[in-house]
Amino acid sequence: MEDALYDRIGHGYRATRRTDPRLAQLIWNGLGDAETVLNVGAGSGAYEPPGRSVCALEPYAVMIAQRPLGAARAVQGRAEALPFDDGSFDAVMAVLSDHHWRERQQGLRELRRVARRRVVLFNADPAEANLFWLTAEYLPGFLDLIPLPYRAAGAWQYELERLLGPVRRVPAPIPHDCLDGFYGAFWRRPAAYLDASVRAGISVFAALDAVDVDDAVRELRADLRSGRWDKRHRNLCDRSDLHLGYYVAIAELGQ
Ligand SMILES: C[S@@+](CC[C@H](N)C(=O)[O-])C[C@H]1O[C@@H](n2cnc3c(N)ncnc32)[C@H](O)[C@@H]1O
């Protein structure tokens, strides 16, 4: 992804990006008994756990400015060079962030270095990107954004385990009414993707070719009008959640 992406697209992030309580619970379960937590790529602070001592790390002032009053203190910096001593926090978490890091492996090494007990990531397995109808049917260009080494099944897990040690992955099915408007959030509310303000809160759309996005939106709009989308995806309509390849990945250190 582009280096200063969030400087460009981060304004107004909180308009569509909020904590979803069901996903929050999965992430907080992953933090276990950690009392001190570092949130890397913290953005506006969604998913920071209550009742623990939290420090946030975020590179972009645009994002830090959107942290609500009373949010944990934020340090400006990058995952690749964390300004903290070894073992400074019981747990280090990163939510929907590591795919943005310029040097993902270096960032993961840093997470491990400053964590005493565990590292907790929430993200999508890139090799499962095709599970989502929006990608498979309308935006195949999304698949080209995935760096080659991550396209094979098991590659993400392999990299995490190489850098963090054994990793337990907990599937995170996305609720049909997910409150956090990330890429997979609207799988049962397809008309949301026609809304430019929804797309503005999703970095994938900024990373894709604008012509491809326009074409995809036009095609989806036509399919929704004609009933083609409903016919193809009738099976989704009574589902309350759906697995789209998102996981909470938990590395217990020192095992
Ligand atoms: C999709 S947002 C997620 C924000 C927040 N974790 C959340 O769940 O709402 C991705 C975040 O990663 C941050 N980010 C991008 N590059 C980074 C880097 N090299 N190190 C740390 N964070 C980075 C972005 O600035 C942005 O705040």
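**Reading strand 9 and the ligand site**

Modeller: Strand 9 (residues 246-252) is largely enclosed by the rest of the structure, because six of its seven residues are buried, where buried means under 20% relative accessible area with a 1.4 Å probe and protein chains only. This is a predicted model, in which local features need pLDDT of at least 70 and side-chain atom pairs count only at pLDDT 80 or more, while totals for chains, interfaces and linings use all residues. Residues are numbered from 1 along each chain as its sequence is written, and side-chain values use heavy atoms, with hydrogens and water left out.

Biologist: Which strands are joined to strand 9, and how many bridges join them?

Modeller: Two strands pair if DSSP finds at least two bridges between them, strands being DSSP runs (E, at least two residues) numbered from the N terminus. Here strand 5 (residues 115-124) runs antiparallel to strand 9 and is joined to it by seven bridges, with R118 partnered by E252 of strand 9. Strand 6 (residues 167-171) is also antiparallel to strand 9, through five bridges, and V167 has A251 of strand 9 as its bridge partner.

Biologist: What polar contacts does the ligand have with G41, R78 and V95?

Modeller: A polar contact is a pair of N or O atoms within 3.5 Å. A backbone N or O atom of G41 lies 2.9 Å from a ligand nitrogen, a polar backbone atom of V95 is 2.9 Å from a nitrogen of the ligand, and for R78 a side-chain N or O atom is 3.3 Å from a ligand nitrogen. Taken alone, the ligand exposes 590 Å², of which the protein buries 98%, the areas coming from the Shrake-Rupley method with a 1.4 Å probe.

Technical notes
Polar contact = N/O pair within 3.5 Å; in protein donor to acceptor, adjacent residues only side chain to side chain. Buried < 20%, exposed > 50% of the residue type's maximum accessible area, 1.4 Å probe, protein only. Helix = DSSP H or I, 4+ residues; strand = E, 2+ residues; numbered from the N terminus.
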